[in-house]
Amino acid sequence: MTDPRTYVPAPQALAGRVILITGAGDGIGKALALASAAAGATVILHGRSVRKLEKVYDEIVAAGGARPSLLPLDFEKAGPAEYEALAAAITKEFGRLDGLVHNAGMLGDRAPIEHHDIPKWMRTLHVNLNAPFLLTRYCFPLLKASPDASLIFTSSGVVRHPSAYWGAYLVSKCATEGLMQMLADEVESLPQLRVNSVNPGKVRTNMRLQAYPGEDRSTLPEASSILPTYLYLLGPDSRGVTGRSFDCQPG
Ligand code: NAP
């Protein structure tokens, strides 16, 4: 297998695929939406800010990509019915789904357990863990029906080295890895559906700034530079690769 971190997709490698990316209005999700559209995919842009999603939409269309679809939803406030409606909207508009990237996430508090704000703990787990579960659950029939589908969960370096004060964020990411592995095992008999996770590593985004406000941001890679692993997993070259956790950057 080639190293996914240095993967270069063939032109139009994602042509014909419909791919839903959560948190596509900013950061890694936005960069991935632009790159997926450039590789030929029709992208469904989820986010909570319509204004941000419209900007991504405009960039994709200006670059000659297929017209994306916008699905705004605030995961903090949404319940099962909203996720079901989101999957129904995809079914109605496209009738298919070939990729689902669970990218949206929030940092929550970085504090000792005894000082954690309890509602914020709940919200962090809801956005980072329950949302991917609910979305996966309702999109599952579409993914199973695709001839070649890829489901990607977003992990973090905190899973590799769990340490103090990361709170609900760390717990949500460890649980996300468990969810990915469990699901990959459950769909073992479906070779057309692969389930993996990615750890982006340090990336120059709003979330990183929130986690490390004093950091020299000029040393951090741009989101657009860490995408080869995502594009590998979304495209035909990773068929059969499942149940694995990938690091997008060395070290
Ligand atoms: P980001 O720029 O802050 O983007 C996070 C995205 O999630 C934004 O589009 C945001 O929407 C969306 N989001 C947050 N809360 C939401 C909610 N309640 N409902 C719907 N969408 C919501 O951060 P990022 O660094 O690109 O993060 C992307 C993923 O990578 C996350 O899962 C994060 O944990 C993971 N990650 C990042 C790093 C890093 O160094 N950057 C490292 C390890 C893992 P808005 O634009 O409306 O805020």
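Here is a short chat about the cysteines and the ligand site in a predicted model.

Me: Before we start, what sits behind the values?
Reply: The model is predicted, so local features need pLDDT of at least 70 and side-chain atom pairs pLDDT 80 or more, while totals for chains, interfaces and linings use all residues. Residues count from 1 along each chain as its sequence is written, and side-chain values use heavy atoms, with hydrogens and water left out.

Me: Why is C139 called buried?
Reply: Buried means under 20% relative accessible area (1.4 Å probe, protein chains only). C139 has 0% relative accessibility, so the word fits.

Me: And what makes C248 buried?
Reply: Its relative accessibility is 6%, so C248 counts as buried.

Me: How many disulfides are there in the whole structure?
Reply: Zero. A disulfide is a pair of cysteine sulfur atoms within 2.5 Å. For C248, the nearest cysteine sulfur belongs to C174 and is 17 Å away, so by that cut-off C248 is in no disulfide.

Me: What makes the V203 backbone a polar contact of the ligand?
Reply: A polar contact is a pair of N or O atoms within 3.5 Å. A backbone N or O atom of V203 lies 2.9 Å from a ligand oxygen, so the pair qualifies. G201 does too, with a backbone N or O atom 3.2 Å from an oxygen of the ligand.

Me: Which residues are closest to the ligand?
Reply: R48, K52, N103, Y169 and T205, out of 28 that surround the ligand.

Me: Which helix gives the most to that shell?
Reply: α7, with three residues.

Note on methods. Buried means under 20% relative accessible area, exposed over 50%, partly exposed in between (1.4 Å probe, protein chains only). A residue is near a molecule or strand if one of its heavy atoms lies within 4 Å of it. A polar contact is a pair of N or O atoms within 3.5 Å; within protein, one must be able to donate a hydrogen and the other to accept it, and residues adjacent in sequence count only if both atoms are side-chain atoms. Helices (H or I, at least four residues) and strands (E, at least two) are DSSP runs, numbered from the N terminus.
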